[in-house]
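Reader: Hi! Could you walk me through this structure?
Author: Happy to, let's take a look together.

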Amino acid sequence: MPRLLTGPIVIATHNPGKLREMHELLAPYGIDAQSAGELGLPEPEESGTTFAANARIKAEAAAKATGKVAFADDSGLVVEALGGEPGIHSARWAGPDKDFRGAMNHIQTLLIERGARTPEQRRAHFIAALCLAWPDGHIEAFEGRVDGVAVWPPRGFLGFGYDPLFQPDGFDRTFGEMTAEEKHGLPPQGQGLSHRARAFIKLAAACLRKP
């Protein structure tokens, strides 16, 4: 049986964009949360070969360090013409300076080298794996996916990471052109569009109750 989540919890991320989105998703449920960055926790080595494995590594490390329930995300952009890259290496492609513009330029260069110019040749999807880890070792894990196209040039200054490069199916704007509510607002107010929102909807159904 899924275990009900109550606060306070630790959000196991040092990424301010992810932290903001995860706070926004948790807010309706009255869950108090601090981030791993705020608590000065080190970032564990993400040695997993899947998004789910890396999310679990981060959640378990934070739960062990704090004795609290930890909530972690591992997510990334999967470009089909690039054999699934950058995938679990999405953050690493941006380098230590988090240069996502440079990473998007690199993706475009590789796609042009492979002759991928039409939308059909530039199919991509975002995946988000969410993991809740309790100090006693209990784990709850969920995954969400949204399909779309890697556009060029990147459009928009909202969101973070590869958002300006990704246009989800059924929309004429990129994630970088969408407000937070448009991108991942949960039903009934929003559509739960983003990969992280889709994973969170599953998590909320299993582990959360509104106050």
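Author: Let's start with one residue: Thr50 touches Asp74 and Ile88, leaving aside residues up to four places away in sequence. A contact here means heavy atoms within 4.5 Å.

Reader: Thanks! What kind of model is this?
Author: This is a predicted model, where local features need pLDDT of at least 70, side-chain atom pairs count only at pLDDT 80 or more, and totals for chains, interfaces and linings use all residues. Residues are numbered from 1 along each chain as its sequence is written, and side-chain values use heavy atoms, with hydrogens and water left out.

Reader: Okay, so where is Thr50 found?
Author: Thr50 is in the loop between strand 2 (33-35) and helix 2 (51-66). Helices (H or I, at least four residues) and strands (E, at least two) are DSSP runs, numbered from the N terminus.

Reader: Does Thr50 count as buried, exposed or partly exposed, and why?
Author: Thr50 counts as partly exposed because its relative accessibility is 39%. Buried means under 20% relative accessible area, exposed over 50%, and partly exposed in between (1.4 Å probe, protein chains only).

Reader: And how much of the whole protein is buried?
Author: Of its 211 residues, 48% count as buried.

Reader: Switching topic, how many helices and strands are there?
Author: The protein has 6 helices and 6 strands. Along the sequence, the pattern runs β-α-β-α-β-α-α-β-β-β-α-α.

Reader: Cool! What size of box do the C-alpha atoms fill?
Author: Taken along the principal axes, the box is roughly 50 × 40 × 30 Å.
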